[in-house]
Amino acid sequence: MAPPPSSWWGSEEQHGTPVVVKMDNPYSLVEIDGPGMSDKARGKNAKQFTWVLLLKAHRAVGCVAWLAAGFWGVLGIVNRRVRRSRDADAEPDAEASGRGRAMLGFLRAFLLLSLALLALEAVAHLKGWQFTQQYLPGNLQELEDQLQHLPEHLRHLPENLRQLPEQLRHLPEHRREIEGWLHGAYVAWLDFRVEYIAWAIQKLSAFCIVLFMVQSVDRIVLCLGCFWIKLRGIKPRAKIGSSSVSGSKSKRRDVENGDADDDAGGYYPMVLVQMPMCNEKEVYETSISHVCQMDWPRDRMLIQVLDDSDDEVCQMLIKAEVNKWSQRGVNIIYRHRLNRTGYKAGNLKSAMSCDYVKDYEFVAIFDADFQPNPDFLKLTVPHFKDNPELGLVQARWSFVNKDENLLTRLQNINLCFHFEVEQQVNGVYLNFFGFNGTAGVWRIEALEDSGGWMERTTVEDMDIAVRAHLCGWKFIFLNDVKVLCELPESYEAYRKQQHRWHSGPMQLFRLCLPAVFESKIPLWKKANLVMLFFLLRKLVLPFYSFTLFCVILPLTMFVPEAELPIWVICYIPVLMSLLNILPAPKSFPFIIPYLLFENTMSVTKFNAMVSGLFQLGSSYEWIVTKKAGRTSSASDILALAEAEARPKLTRGMSEGGLQDWGKLREHEAAEWANKDEAAAALVAASPATPKKSSKQAKKPNRIFKKELALAFLLLTAATRSLLSAQGLHFYFLLFQGVTFLAVGLDLIGEQVS
């Protein structure tokens, strides 16, 4: 039965179900428009309904205000980053050259073009523009089924599409005029991309895929060689008497006495130790102390501290540290050049020109952040005995800060593969690899026979290794002998380091190519040096990585006729990343970030490779990698403290030397105070506490424009892939774009709590 009419609501009958609104206390469930309600009840319920609407409006306004505040906060953060980036850009940068600006301009133009194409494709998608029957000539009805599914099949049938009749690819002008100029522009774009762009992209992508596969095969062969070495227990062994030195730890001997034990079989040749450094306040003290404590007879070892610092405070601090160890009986000298010509190569060349160098047979080299163990020389030098063809013994690097942040973890993966796989396999099977510039021992005769240190490139270590290899000298890599050092903890420092490491080899390749063909080494060694050592691992890798994943892949989203196979962008890269991570199994959870970060670094590596290959402005600029001053471990610090507490070592510096030390610390503290670090500087300025504070002032983040441009480009391409329903391509582009964004905003080097 219908409910009675009401005079307040009108005389018409009520239909439908009643509306029930659930409200919080003090209200309960109330029927607003139900049968049998009085006028008073309806008025009360109407007021309650008004309050409900007001509450919802209030919540909506609060949500909008929260979003506005969050957006304003993000804008503030971006503004601060931009200002800091402008301040940082005022500093000298190895990539602030014409080449870097040209590449940034190219990426910006590419980004603007992709945004315009995305807008055009979005309009076409919303309007449903596609090749349907109304646009087909009468004699093409047999192609109707294929053309109805163009978004799926257009990308897989580029050859068939180019064979379509002219009527289809050049639609009648009157039909374009009917649809409008925007539709005509879209059809013209489809015609142009099928006729010209898709073909070019396909040829370039096929070339890059071939390079990718060749490089992948090379990496698989290296991994198989490393597996065979591990399986058979192959390692270099130096036979001395009845014992052999193969990387095992020798017995620790008192550093201060000169008695020779039997750890090296009585083989103690004259060894020169060189420590090149430049403006490295954070690490000089730890490095010098570790080198001075190496277990070798005092009268058969000389330490050269080669200081290229232009900071007077740093010079005085290093000189005071050298004076301290000299008074403790260590045979150590300090050398400083007034002109930093030739960078590190010029520094080493100048040191080798000293008259007393002729009295030494071997030279060990350590950069300023390296901390060798006391038994380093006993594990490396004996390999030279009865092996006159051996020119170099290289030790492996180990890192004190590999777990500092995500950036150092990813670097550790790369370098572990480089040492354990590349260096070890090449050392065992070829007796040749690139010298790492430090933590190695050279036969001085090999250096002189190869022409000595040259200043023609920024990779003087690789230069001397190639020339020594062309002269017939053999190398040994000791994977079990490790020397602690530091990894760059900021993306800015790592980026500059990688720029130098990838521009120098290409510059060296241009310079030494004629010498390779003129050398007397076997033909297969020449082929290995040119094809594998230089072209495949130094040129091909950054070229195809940048071209394939940063240029071709986003292009295929806007030109779907030239789609990249899934195995190229997913399966093979994941397999290669898995192989790379095997030498560092604890880093397995970082396999996906590692893959994405390596693609991100391809921008810097490609730019550096081109700069070195064509001798552009930034190819011969050396910027010292910033150090944080990390020490090896607490146990090492305690051991050093115990050594300093011995009665023989307490004579240390003279009273005047301690006063000079205190003045230097006060001078350094005054400089830090000008940078708002007075508290930390006062602690470091005290003569009673010569150790500097381990806390480092955090440098403001900066913005990297190339990485940001590529981030927005890949995110735009990811948005375009949604229109084509390309699932895996979308996720890859999305994650790769987010990685570029994190690197561009300098978030990759944030500290791990």
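Here a trainee and a mentor talk through a predicted model of a protein.

Trainee: Let's start simple: how many helices and strands are there in the protein?
Mentor: Keep in mind that we're looking at a predicted model. The protein has 753 residues. Its secondary structure comes to 24 helices and 11 strands.

Trainee: What percentage of the residues count as buried?
Mentor: Let's take the surface before the inside. The accessible surface of the protein is about 36200 Å², and carbon and sulfur atoms own 60% of that. As for the 753 residues, the share that counts as buried is 51%.

Trainee: For contacts with a separation of 6 or more, what share comes from residues 24 or more positions apart?
Mentor: Here we leave out pairs with a separation below 6. Among the contacts that remain, residues 24 or more positions apart account for 80%.

Trainee: Now helix H15, please: how many of its residues are buried?
Mentor: H15 covers residues 460-470. The buried ones include charged-looking names such as Glu460, Asp461, Asp463 and Arg467, along with Met462, Ile464 and Leu470. The helix is largely enclosed by the rest of the structure, because the buried count is 11 of the 11 residues.

Trainee: Which helices and strands do the buried residues of H15 pack against?
Mentor: Two of the partners are strands, namely S10 (440-443) and S11 (474-485). The others are helices. Those are H11 (343-352), H14 (444-449), H16 (491-518) and H17 (523-558).

Trainee: Which residue just after H15 takes a positive phi?
Mentor: Look right past the end of H15, where phi is about 95 degrees. The residue there is Gly472.

Trainee: H16 and H17 came up together, so are they roughly parallel or roughly antiparallel?
Mentor: Their axes are 11 Å apart and the packing angle is about 165 degrees. An angle over 145 is what we need for the label. H16 and H17 are therefore roughly antiparallel.

Trainee: How many nonpolar residues does the contact of H16 with H17 have?
Mentor: The crossing of this pair is left-handed. From H16 the contact uses residues including Phe509, Leu513 and Phe517, and from H17 residues including Leu529, Phe534 and Leu539. By class there are no polar residues and 2 charged ones, and the nonpolar count is 13.

Trainee: Staying in H16, is Glu518 buried or exposed?
Mentor: Glu518 lies in helix H16. Its C-alpha atom is separated by 9.3 Å from that of Leu470, 48 residues away along the chain. With a relative accessibility of 67%, Glu518 counts as exposed.

Trainee: How do H19 and H23 compare, and what word describes how H19 lies relative to H23?
Mentor: The axes of H19 (residues 591-613) and H23 (residues 705-723) come within 10 Å and cross at roughly 130 degrees. That makes H19, relative to H23, oblique.

Trainee: Which residues of H23 meet H19?
Mentor: The crossing here is right-handed. On the H19 side you'll find Thr600, Val603, Thr604 and Asn607. The contact divides into 2 nonpolar, 3 polar and 2 charged residues. On the H23 side, the residues are Lys706, Glu707 and Leu710.

Trainee: What is the C-alpha separation of Ile623 and Ala493?
Mentor: Ile623 sits in the loop between H19 and helix H20 (634-644). Ile623 is partly exposed, its relative accessible area being 22%. Ile623 and Ala493 are 130 residues apart along the chain, and their C-alpha atoms are separated by 9.0 Å.

Trainee: In the loop between H12 and S9, is His383 buried or exposed?
Mentor: His383 has its place in that loop. His383 and Val393 are 10 residues apart in sequence and 7.7 Å apart C-alpha to C-alpha. The relative accessible area of His383 is 4%, so the residue is buried.

Trainee: Asp386 has a positive phi too, so is it buried or exposed?
Mentor: Most residues other than glycine have a negative phi. Asp386 has one of about 60 degrees although it is not a glycine. Asp386 lies in the loop between H12 (376-380) and S9 (390-399). Its relative accessibility is 70%, so Asp386 counts as exposed.

Trainee: And is Asp746 buried or exposed?
Mentor: Asp746 is found in the segment after helix H24 (727-744). Asp746 has a positive phi of about 60 degrees, although it is not a glycine. With 10% relative accessibility, Asp746 counts as buried.

Conventions: Residues are numbered from 1 along each chain as its sequence is written. This is a predicted model: local features need pLDDT of at least 70, side-chain atom pairs count only at pLDDT 80 or more; totals for chains, interfaces and linings use all residues. Side-chain values use heavy atoms; hydrogens and water are left out. Axes are lines fitted to C-alpha atoms, for helices over the stretch in contact, and angles run from 0 to 180 degrees between N-to-C directions. Helices (H or I, at least four residues) and strands (E, at least two) are DSSP runs, numbered from the N terminus. Angles under 35 degrees count as roughly parallel, over 145 as roughly antiparallel, 65 to 115 as roughly perpendicular and the rest as oblique. A crossing is left-handed if the near helix is turned anticlockwise from the far one by less than a right angle, and right-handed if clockwise. Contact means heavy atoms within 4.5 Å. Ala, Val, Leu, Ile, Met, Phe, Trp, Tyr, Cys and Pro count as nonpolar, Asp, Glu, Lys and Arg as charged, and the others, Gly among them, as polar. Buried means under 20% relative accessible area, exposed over 50%, partly exposed in between (1.4 Å probe, protein chains only). Accessible areas come from the Shrake-Rupley method with a 1.4 Å probe; for residues, only the protein chains shown count as cover.
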